[in-house]
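Okay, thanks for squeezing me in. I'll put the model up and then walk through the contacts I'd like you to look at.

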Amino acid sequence: MPSLTSDDVRSLQMADADERLSAFDRFAAAPLPTPQQEIWRYSRIGELQLDSYRYGTLSTTITGAESVLVDDATIDAESELDLFAELNRAFMAPIHIRVPRGNVLEQPIVITHTLRADGTACFPRLVIDAEADSEVTVIELFVSDESVTGIIMPVLQVRAQQAARVKYLSVNELGSKVWQIANQQAVGDRDSNTLLSTVALGGDYARVRTHARLVGQGGSTRQVALYFADGTQTHDFRTTQEHIAPKTTSDLLFKGAVNDQARSVYTGLIKIGPNARGAQAFQTNRNLTLSDGAWAESVPNLEIETNDVKCSHASTVGPIDEEQRFYLESRGIQPDIAERLVVLGFFDEVLGQLPVGSHAPELRERISAKLHQAVVPV
Amino acid sequence: MTTLSIANLHASVGGKRILNGIDLAVSSGQVHAVMGPNGAGKSTLSAVVMGQPGYTVIDGTVRLDDLDLLSMPTWQRAQAGLHLVMQYPTEVPGVAVADVLKEAFLARGRSTLDVEELMSKEAARINFGEQFLTRSVNVDLSGGEKKRNETLQLAILQPKIAILDELDSGLDIDALRDCSRRVEEATNEDGLGVLVITHYSRLLKELKPDVVHILVKGRIVETGGPELVEVLERDGYAAFERDQPEESSSTLDDLFGMPHNEN
């Protein structure tokens, strides 16, 4: 007996119940994905027991958004990225931010989602509409206690209109028994500028799939991520940088570390359409394996349908640089602390690009604390 | 008074014997120079004494007073008072010099409150621009700036004995003067003992050695006063090399039945 049912959708009594029910039907009609599908390769989707969760909601607080919150969320008619986004469409609790033309929000909007109810499946959806020449920064935090179980299937939709500037950061500090399957879509219009950033420290299996599309000439996206898994955690990232319009730019820097028995997966696609002349696309994924039992996979892909483009991709997986460790130890620094310094240094490049302003040292401290608890003194 | 004593040190890298019995002792306040041609084993000597991975000690001892350094990990050797200035200082991206020094102080149980003040003071003493202090260690620094950075750390950490591995390589004359003067001052002010390893004599015009050792094919073939530097200036290494066996680990040793302790 599945615990997420169409009756659950009906009992929400939402105005868009019909659309929600058809999304649920699309979800129910399709089989769950398997690791045999390329986009789920190396994932832990085979372990998912969706029936073990019941519908629930997150405790959510929002600060700094008073003037721009709207409740007439229009959801893109275009298809959702995957079945879990369809499920989100059926059960979603939407937050819709619309920044009017020319408005600049000086302070970031901070949304904090806390998973409290044990065994629930939760479906937050954040829609950011940045109208022409507007500017906004949104930070979305996902947190839970260490003992809580559950699954979160968040969806993010960013629409940056002409010359809009959007900065988005999601921070995953979920407990190690929580699953996350997230879908993010961003569409950038002419001369718009979008930053999609992620910090992932928590979760049991935590996946983020991001599709950034540049549909207007001169638009640009930047995607950065910092992820650090230990214990038996798995962090899983799938990215697409899609260039549809000419002279568009995308840049991606994902840096991760895995310790203990943890795993991470990064697969990235740069897709340049036939009309994207003069496009520039860059993709870099670097991974540190901090223990023999840890494992990281990095798979870059290119799909280019026009000449006159500039593309590059680079990926590395490997342990800490021995020379860096030796250098620090030669200053009298103990091996575990030397290792912590090297890892923090490795992440520093990403930390510097996150839209966290004065909170960067706090974030650095949390990573340091996670390293501290993880590293066993030699 | 502290003494670094190296006795009968034999070491290999990747199965190849590089050091074939080194003996020397450096005490507080002294400057010893080890000079030698390329491939003599100069960098191997500094790496083995500091404990760099990848080198195998075959025989011999290295002691700092009564401490057996070879049985200690690198960080303990450093805490005991040994310091290495590397020929090619390693770049550590994302880690600021101040972070390294603070952790180094904490590791020694010292307060970190005065680290920044010490850094400013020492940077001024060696004409090291303040703007470099907040950068990642050795990243995007010129050769001269890297060596100034290394000298700054040496001055702040105040070790008992310092090994300077080719401090002069890639150094312009101003940086060479600034760095070597600071080291010289440390020998006078703090009683620092120095083992300076170099190929060329120009460093030794700034940093005056008390004792000069000539290293050829993994052995010290000559030890003398500063006058040895002038002999080298005039005749080069050729005179010293001619006297040495082709294969230092075989032939003559075998002929004369010298004992080899291969553990």
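Before anything else, one definition: when I say two strands pair, I mean that DSSP finds at least two bridges between them. And keep in mind that this is a predicted model.

So, with that in hand, go to chain A. Strand β8, residues 135-144, and strand β11, residues 165-173, run parallel and are joined by nine bridges. If you want a place to put your cursor, A:Glu140 stands opposite A:Ser170 in β11(A). Now move on from there: β11(A) also runs parallel to strand β13, residues 193-200 of chain A, and eight bridges join those two. Here the residues to click on are A:Tyr168, which stands opposite A:Leu196 in β13(A). And a general reminder while we're looking at strands: in a regular strand the side chains alternate between the two faces of the sheet.

Okay, aromatics. How many aromatic pairs does the structure hold over all chains? The count is 14. Let me show you two of them.

Take A:Phe24 and A:Phe91. Their ring centres are 6.0 Å apart and the planes sit at 85 degrees, and over 60 counts as edge-to-face, so that's what this pair is. In sequence the two are 67 residues apart, with A:Phe24 in helix α2 (residues 17-29) and A:Phe91 in helix α3 (residues 83-91), so to speak a link between distant parts of chain A. Buried or exposed, A:Phe24 and A:Phe91? Both are buried. They also have company: A:Phe24, A:Phe27, A:Tyr55, A:Phe91 and A:Phe123 form one aromatic cluster.

The other pair is A:Tyr227 with A:Phe237. This one is tilted, with 4.6 Å centre to centre and 45 degrees between the planes. A:Tyr227 is in strand β15, residues 220-229, and A:Phe237 is in strand β16, residues 234-243, which puts them 10 residues apart in chain A. A:Tyr227 has 0% relative accessibility, so it counts as buried. A:Phe237 is buried too, at a relative accessible area of 2%.

While we're on rings, there are a couple of charges sitting over them. A:Arg207 lies over the face of A:Trp40, 3.5 Å from the ring centre. Likewise, A:Lys255 lies over the face of A:Phe346, in that case at 4.4 Å.

Right, salt bridges. Side chains of opposite charge can pair when their charged atoms come close. A search over all chains finds 34 salt bridges here, and I've picked three.

Start with a local one. A:Asp7 and A:Arg10 form a salt bridge, and the closest N and O atoms are 2.8 Å apart. Both residues lie in helix α1 of chain A, residues 6-11, three residues apart, about one turn of the helix. A:Arg10 has a relative accessible area of 45%, so we call it partly exposed.

Next, back to strand β15. A:Arg222 forms a salt bridge with A:Asp251, with 2.7 Å between the closest N and O atoms. The partners are 29 residues apart and link distant parts of the chain, A:Arg222 in β15 and A:Asp251 in strand β17, residues 249-258. How accessible are they? A:Arg222 comes in at 28% relative accessibility, which is partly exposed, and A:Asp251 at 24%, also partly exposed.

Now over to chain B, for the one I'd stare at for a while. The side chains of B:Glu166 and B:Lys42 meet in a salt bridge at 3.6 Å, N to O. B:Glu166 is in the loop between β9 (161-165) and α6 (173-189), and B:Lys42 is in helix α1 (residues 42-50), so the pair ties together parts of chain B that are 124 residues apart in sequence. Why do both count as buried? The cut-off is under 20% relative accessible area; B:Glu166 is at 8%, and B:Lys42 is at 5%. There's also a network of salt bridges in chain B, linking B:Glu122, B:Arg125, B:Arg182, B:Glu185 and B:Glu189.

Last bit, chain B as a whole. It has 10 helices and 12 strands. For 263 residues, a compact globule would have a radius of gyration near 18 Å; chain B has 19 Å, which agrees. The C-alpha trace spans about 60 × 40 × 35 Å along its principal axes. Of those 263 residues, 55% count as buried. And of the contacts in chain B with a separation of 6 or more, 69% come from residues 24 or more positions apart.

That's my tour. Over to you.

Conventions. Residues are numbered from 1 along each chain as its sequence is written. Chains are lettered from A and ligands numbered from 1 in the order in which they are written. This is a predicted model: local features need pLDDT of at least 70, side-chain atom pairs count only at pLDDT 80 or more; totals for chains, interfaces and linings use all residues. Side-chain values use heavy atoms; hydrogens and water are left out. Rings of Phe, Tyr and Trp (its six-membered ring) pair if their centres lie within 6.5 Å; planes under 30 degrees apart count as stacked, over 60 as edge-to-face and the rest as tilted. Helices (H or I, at least four residues) and strands (E, at least two) are DSSP runs, numbered from the N terminus. Buried means under 20% relative accessible area, exposed over 50%, partly exposed in between (1.4 Å probe, protein chains only). A charge sits over a ring if NZ of Lys or CZ of Arg is within 6 Å of the ring centre and within 35 degrees of the ring normal. A salt bridge is a side-chain nitrogen of Lys or Arg within 4 Å of a carboxyl oxygen of Asp or Glu. The radius of gyration is taken over C-alpha atoms; the globule rule is 2.2 Å times the number of residues to the power 0.38. Contact means heavy atoms within 4.5 Å.
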